[in-house]
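Hi,

Here is the model I promised to send over. Have a look at it first, and then read my notes underneath.

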Amino acid sequence: MTFASDESGYSPEQESLDQESVTPVNQGRWYAVQVASGCEKRVKATLEQRIQTLDIGDRIFQIEIPQVAAVKIRKDGKRMPTEEKIFPGYVLVKMAMDDESWQVVKNTPHVINFVGAEQKRSYGRGRGHVKPMPLSPSEVQRIFKQRQDSEPVVKTSLAPGEKIEVISGPFKDFDGEVIEVSPERSKLKALLSIFGRDTPVELEFNQVRKLS
């Protein structure tokens, strides 16, 4: 599959989809749709409204933004529950693909294109259209299993060179400077002045707060 923009105004009326790729209406298939950065929730809400307004709920069944639980560490060191997108810039749509359902999704504001296979033009130099390709059952299972089974991701805005204060643990009340951040481990290293000597110390994200 390729991530490409559709510059030719592709429509299933111009080139019909393979019959094998069209699932019966009562089942539907999952498709990945590329959207403008930061507009995932807006696209989801707009598309859900369009489904009701255009009475096409029998062909577009579900819209999802795959996310995992996350914890954001605020400047004061407090933990704030949040969510993090698994695939920023994409939404998943479960639908029965035909011309009308394709048009409804494709013409939703901030939608860029379906993810699919780019079909070359038979003439001219322009790019061809993108034929939407459904996700495989194993891809769908992996995506939703990741959302259910993943441990909360801990996020911090701290970066090397920033000044911090330790607010808990054995080094409480020490000031220091961040020298390394490890988001995957929810830890950082900082230089703390201990007995007059700069000493690297590993700390949890929630053990420190950023100094203004």
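Before the packing, a term: contact here means heavy atoms within 4.5 Å. Axes are lines fitted to C-alpha atoms, for helices over the stretch in contact, and angles run from 0 to 180 degrees between N-to-C directions. Helices (H or I, at least four residues) and strands (E, at least two) are DSSP runs, numbered from the N terminus.

Keep in mind that this is a predicted model: local features need pLDDT of at least 70 and side-chain atom pairs pLDDT 80 or more, while totals for chains, interfaces and linings use all residues. Numbering starts from 1 along each chain as its sequence is written, and side-chain values use heavy atoms, with hydrogens and water left out.

Now the sheet. It is open, with four strands in the order 2-5-1-6 and antiparallel pairing (two strands pair if DSSP finds at least two bridges between them). Strand 2 (60–64) and strand 6 (111–114) are at the edges with a single partner strand each, so one side of each has no neighbour in the sheet. From one strand to the next, the twist averages 30°.

Going through the pairs, strand 2 and strand 5 (residues 90–95) share four bridges, and Ile 63 sits opposite Val 93 there. Strand 1 is joined to strand 5 by six bridges, with Arg 29 partnering Met 95. Three bridges link strand 1 to strand 6, where Val 33 faces Phe 114. Five of the seven residues of strand 1 are buried, so the rest of the structure largely encloses it (buried is under 20% relative accessible area, exposed over 50%, partly exposed in between; 1.4 Å probe, protein chains only).

What lies across these strands? Helix 1 does, over strand 1 (29–35), strand 2, strand 5 and strand 6, running at about 165° to strand 2. Helix 2 (residues 99–106) also packs on the sheet, touching strands 1, 2, 5 and 6, and its direction makes about 145° with that of strand 6.

Back to helix 1 (residues 40–53): Glu 40, Val 43, Leu 47 and Ile 51 are buried. Seen down the axis, the buried residues fall within an arc of 70° (taken from the directions from the helix axis to the C-beta atoms), so they line one face. Lys 41, Arg 42, Gln 49, Gln 52 and Thr 53 are exposed on the other side.

Glu 40 is worth a click: it counts as buried at 3% relative accessibility. Its contacts, leaving out residues up to four places away in sequence, include Lys 85, Tyr 90 and Val 91.

Cheers
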